[in-house]
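Colleague: Please take me slowly through one part of this model, namely the contacts between its side chains and how open to the outside the partners are. I am new to this, so longer explanations are welcome.

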Amino acid sequence: MRNRPPPRRPGPRRRPQGPRPVRPDAVGGGVAVAIPEGPRPPVELPAALTVKELSERLDVSAPNIIRELLQNGIIASINQTIDYETAAIVASDLGIEVHEQSVEDVSQVLDQTEDSPEDLAPRPPVVTVMGHVDHGKTSLLDAIRKTRVTAGEAGGITQHIGAYQVEVNDQRVTFLDTPGHEAFTAMRARGASVTDIAILVIAADDGVMPQTREAANHAKAAGVPIIVALNKIDRPDANPDRIKQQLTELGMVVEDYGGDVVTVPVSARTGEGIDTLLEMVLFVAEMGNYKANPHRSGVGTVIEAKLDKARGPVATILVEKGTVHVGDVAIAGSYAGRIKALFNDKGKRIRQAEPSMPAEVLGLDGVPGAGDRFQVVADEKTARALAQATRRSAEAQAASGAREASIEAIMEGIRTGALKDLNLVLKADVRGSLEALSSSIQTLAEHEQVSREIRTRIIHGDTGNVTESDVMLAAAAKGLVIAFNVRVEPGARKAAETQGVDIRSYNVIYHLTEDIEKLLSGMLEPEYHEVIQGEVEIRQVFKIGRTHAAAGCIVTSGTIPRNAQIRVFRGGVQLFQGRLESLRRFKDDVREVATGYECGISVEGFIDFKEGDVLQAFTREVVT
């Protein structure tokens with residue numbers, strides 16, 4: 001028996017540096033052809049494309065593309081989607097120069113045109129119900145839904161998709177059934193402003209509670225009209241006059257006291273006042289004159305999303321303008337797909353969803369996040385490229401730490417005059433401290449406004465520890481969190497890192513007011529300390545075309561996270577500092593690599609790697 005050669009070890013195989021001459025059979029499906037002389041112009045590739053599309057763009061047969069992928073340890077079919085980095089390696093092996101299509105080029109395919117007034121048509125108002133956890137918010141929503149569905153739709157009452165529509169005097173109203181003001185504000189923090197009217201539910205036998213105060217401040221920060229529903233009015237100990245007085249103390253003057261805040265007594269248990277509440281919603285909506293263009297490509301917001309075992313990724317969207325149809329190609333955040341089916345809030349299949357209409361969407365290739373933008377695009381190629389570009393943009397923003405609510409962004413807004421409102425979320429240990437701090441800040445702000453047209457607003461002030469809700473409100477309002485003699489809860493700390501919100505802690509009032517004064521005068525800078533996270537040594541260098549390079553490394557100490565900043569050292573001398581562009585093990589993107597493991601690294605703006613170079617990963621953390 002003849003000796004067989006040992007089997008190849010699995011894993012990606014890299015070729016020596018430099019482009020390889022194109023084989024005669026690499027073009028035109030295996031038939032030898034004459035290769036034109038002279039340099040070939042670079043080929044532009046999107047962030048994601050199929051093997052077939054890569055074959056067409058490179059003018060190389062699909063079997064040869066698949067062969068090159070196999071030789072690099074990647075098994076792919078002709079219709080499989082690959083990312084730009086993989087396509088660039090294949091092109092480099094074939095001696096073809098490529099460069100990536102920029103996000104700006106891809107975003108031009110989106111319909112960004114403004115709607116002309118004659119194209120606008122009335123749309124249903126979108127209402128969010130908020131309030132304290134035990135004040136009957138869910139009961140009120142159920143009462144509204146049960147009194148406004150027809151007999152034929154009774155079986156669909158239990159259908160829960162996060163939003164639903166009811167008929168009021170032959171007009172539709174959309175209600176968002178969100179978990180509370182935290183979810184409402186989280187969507188605002190991600191750029192979604194889907195609410196037209198807020199209903200603040202207060203139990204008439206209980207009064208204004210801390211969560212009531214939070215919900216009111218969140219709604220006021222969003223700038224939407226507020227209708228107060230005095231629930232449980234049928235209780236013998238109900239005292240609506242006391243609640244109206246408490247609302248006045250919150251800065252919400254009701255109509256009975258000469259203000260503009262509408263209050264409606266209701267009972268979710270008996271149904272009393274429900275019709276009056278809905279009529280008041282229609283009245284406020286008529287004043288708002290809400291309109292949208294139903295004749296353009298659909299645009300909306302993801303309200304919630306989940307992975308269904310039977311149906312796959314399911315996203316509940318609220319259409320803001322345009323119309324979404326079955327068969328449309330759409331993107332939602334960093335995911336894309338062709339819409340296979342649409343369901344309304346009653347669980348019935350529909351062919352299209354119009355402005356202010358909630359609908360379940362099937363067909364996306366992943367589960368988007370609440371607050372992600374949803375948009376219909378021209379074709380699947382555009383959708384894939386835009387979804388990939390959106391994912392990269394989000395990763396780059398997370399890695400760079402560039403946030404609109406950071407101290408740096410606020411300082412830049414003050415210096416340039418772009419910032420008109422300095423929004424503060426203030427948390428203190430006791431009510432006396434809170435009142436003293438509020439008074440000091442307002443006095444200081446009025447003094448500074450003589451020279452600068454900046455309005456300082458305490459959008460929420462309360463006692464107790466800094467919570468995740470406080471951070472999300474600051475993120476939505478692009479403001480700061482001030483903590484005085486209170487602790488920052490772990491969930492709030494994590495949310496602040498994710499959203500890029502600065503939390504500044506104090507235990508001396510003088511220090512707080514001094515920093516506010518510096519901030520308003522444009523002189524306050526954040527305090528940082530540097531954290532070295534790990535080091536790697538370069539063992540091999542891979543060139544990817546003329547503009548990209550990757551380094552094969554081994555981690556010698558610590559860990560290398562994907563969101564780190566990188567310093568490049570050669571012979572103990574720093575050559576470059578920049579952002580980690582990609583971190584891989586074999587062909588997979590990873591979040592971090594620990595000591596002793598190998599990885600592939602590329603650094604944004606640097607390609608001159610040498611074997612033996614040392615890369616140091618670090619982050620800069622704000623000292624609070």
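Modeller: Before we look at any residue, we need three words: a residue is called buried when its relative accessible area is under 20%, exposed when that area is over 50%, and partly exposed when the value falls in between. Please also keep in mind that this is a predicted model.

With those words we can begin at R338, whose relative accessibility is 39%, so it counts as partly exposed. E380, at 36% relative accessibility, also counts as partly exposed. These two residues form a salt bridge, and their closest N and O atoms are 3.3 Å apart. The contact links distant parts of the chain, since R338 belongs to strand β17 (residues 335-338) while E380 belongs to helix α10 (residues 380-400), and the two are 42 residues apart.

This pair is one of the 18 salt bridges that the structure holds. Another joins the side chains of D462 and R213, with 3.7 Å from N to O. Here D462 sits in strand β24 (residues 455-463) and R213 in helix α7 (residues 210-222), so this salt bridge ties together parts that lie 249 residues apart in sequence. Both D462 and R213 are buried.

A further salt bridge is found between D470 and K427, where the closest N and O atoms are 2.7 Å apart. It ties together parts that are 43 residues apart in sequence, because D470 is in helix α13 (residues 468-477) and K427 is in strand β23 (residues 421-428). D470 and K427 are both buried. Salt bridges can also be joined to one another, and R570, D608, K610 and D613 are linked in such a network.

Two of the strands just named, β23 and β24, return in a sheet. Four strands form this open sheet in the order β24-β23-β25-β26, and their pairing is parallel. The strands β24 and β26 (503-506) stand at the edges with a single partner strand each, so one side of each has no neighbour in the sheet. On average, neighbouring strands here are turned by 20° against each other, direction ignored. If you follow β23 and β24 side by side, you will find eight bridges joining these parallel strands, and you can see V425 standing opposite H460 in β24.

From charged side chains we can turn to aromatic ones. A pair of aromatic rings is described by two quantities, the distance of the centres and the angle of the planes. Rings count as a pair if their centres lie within 6.5 Å, and by this rule there are three aromatic pairs. In the pair of F606 and F609, the ring centres are 5.2 Å apart and the planes stand at 75°, so the arrangement is edge-to-face. F606 has a relative accessible area of 10% and is buried, and F609, at 4% relative accessibility, counts as buried too. Ring pairs also bring in F576, which is linked with F606 and F609 into a cluster.

Lastly, there are places where a charged residue lies over a ring. R567 lies over the face of F618, at 3.9 Å from the ring centre, and R311 lies over the face of F343, at 5.5 Å from the ring centre.

Note on methods
Residues are numbered from 1 along each chain as its sequence is written. This is a predicted model: local features need pLDDT of at least 70, side-chain atom pairs count only at pLDDT 80 or more; totals for chains, interfaces and linings use all residues. Side-chain values use heavy atoms; hydrogens and water are left out. A salt bridge is a side-chain nitrogen of Lys or Arg within 4 Å of a carboxyl oxygen of Asp or Glu. Buried means under 20% relative accessible area, exposed over 50%, partly exposed in between (1.4 Å probe, protein chains only). Rings of Phe, Tyr and Trp (its six-membered ring) pair if their centres lie within 6.5 Å; planes under 30 degrees apart count as stacked, over 60 as edge-to-face and the rest as tilted. A charge sits over a ring if NZ of Lys or CZ of Arg is within 6 Å of the ring centre and within 35 degrees of the ring normal. Two strands pair if DSSP finds at least two bridges between them. Axes are lines fitted to C-alpha atoms, for helices over the stretch in contact, and angles run from 0 to 180 degrees between N-to-C directions.
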